[in-house]
Amino acid sequence: MPADEQETGTGHDSGTSTGTGTGQENGISRKNFIVAAGAAGIGALALPTAVSAVAAPAQARAEQQPLTPTPKCDDGDDSPTHSQMEGPYFKPGSPERASIVTPGMPGTPLTVSGTVYSLSCRPVAHALLDFWQADYYGNYDNYRYTLRGHQYTDASGRFTLTTIVPGLYPGRTRHIHVKAQAPYQQILTTQLYFPNEPRNGSDTLYDPALLMKVQTGPSGRTAKFDFVLQVP
């Protein structure tokens, strides 16, 4: 074979080999390679959109979940605490104290606690609470201040009264008198009652909206009652 043909053939084979190695290796053409690369680029650009599309329903589901309801703020009947008559045994000027019992006093120990709220369900700090009640025998002390005393709520509107379960007297069921007053506001005069008392049905002043929640324990009774005053 002539030398020039060999060179031409060699050159042709080299060109063919180069072309095959660059454009057709593994059966992928330049065009397909470019298209594939372009598709990969588009897919990479589209990835955030796909993630957003997945995240959007999750966010929508989270927004559609019901919110936790605001706790109710009331004294048991969704209204301001009912007022009641003062009665004939109120005595002004009671001492400031959270315990109105004296050593050796007969009667079942009773602890009354709760919170004083405003109409907007906010605790009323420094609210005045003035308590008075009958003793174990159903008598009121009108000469001194036995089983009488006033106190103020703390910064969270809470109070605690240490007393005894009041006795009965003709015409009335068991009850505790109280005056409640937010600072510089009008006074609420009312009475607190005990559940399951036989005389509740016959006492014309009895109001079930003023029932305390009472529990009996090994060392006496505990009662809870929240006041709602007519203040903003």
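**View 1. Aromatic pairs in the predicted model.** A search of the whole structure, which is a predicted model, finds eight aromatic pairs. One of them joins Phe-131 and Phe-159. Their ring centres lie 6.1 Å apart. The planes meet at 35°, and the pair is tilted. Phe-131 belongs to strand S2, and Phe-159 to strand S4 (residues 158-164), so the contact ties together parts that are 28 residues apart in sequence. Both rings come from buried residues: Phe-131 has a relative accessible area of 1%, and Phe-159 has 3%.

**View 2. The phenylalanine cluster.** Phe-225 and Phe-227 form an edge-to-face pair. Their ring centres are 5.0 Å apart, with the planes at 70°. The label follows because planes over 60 degrees apart count as edge-to-face. Phe-225 and Phe-227 are both buried. Ring pairs link these two residues with Phe-131 and Phe-159 into a cluster.

**View 3. The four-stranded open sheet.** The strands follow the order S3-S2-S5-S6, and their pairing is antiparallel. Strand S3 (148-152) and strand S6 (187-193) are the edges. Each edge strand pairs on one side only. On average, neighbouring strands of this sheet are turned by 20° against each other, direction ignored.

**View 4. Strand S2 against strand S5.** S2 covers residues 128-132, and S5 covers residues 175-181. Five bridges join these antiparallel strands. Leu-129 has Ala-180 of S5 as its bridge partner. Trp-132 stands opposite His-177 in S5. S5 is mostly covered, with six of its seven residues buried.

**View 5. The S5-S6 hairpin.** Seven bridges join S5 to S6. The two strands run antiparallel. His-175 stands opposite Tyr-193 in S6. Five residues lie between the strands of this hairpin. In the turn, Tyr-184 has a positive phi of about 65°.

**View 6. The second largest pocket.** This pocket has a volume of about 150 Å³. Its lining holds 14 residues. The closest to the pocket centre are Met-105, Asp-135, Asn-139, Thr-146 and Leu-147. By type, the lining of the second largest pocket divides into eight nonpolar, three polar and three charged residues.

Conventions: Residues are numbered from 1 along each chain as its sequence is written. This is a predicted model: local features need pLDDT of at least 70, side-chain atom pairs count only at pLDDT 80 or more; totals for chains, interfaces and linings use all residues. Side-chain values use heavy atoms; hydrogens and water are left out. On a 1 Å grid over the protein atoms alone, a cavity is a set of points where a 1.4 Å probe fits but cannot get out, and a pocket is an open set with protein on both sides within 12 Å along at least five of seven lines; lining residues have an atom within 4 Å of a point. Grid points are joined across faces, edges and corners, and a volume is the space filled by probe spheres set on the points. Ala, Val, Leu, Ile, Met, Phe, Trp, Tyr, Cys and Pro count as nonpolar, Asp, Glu, Lys and Arg as charged, and the others, Gly among them, as polar. Two strands pair if DSSP finds at least two bridges between them. Axes are lines fitted to C-alpha atoms, for helices over the stretch in contact, and angles run from 0 to 180 degrees between N-to-C directions. Buried means under 20% relative accessible area, exposed over 50%, partly exposed in between (1.4 Å probe, protein chains only). Rings of Phe, Tyr and Trp (its six-membered ring) pair if their centres lie within 6.5 Å; planes under 30 degrees apart count as stacked, over 60 as edge-to-face and the rest as tilted.
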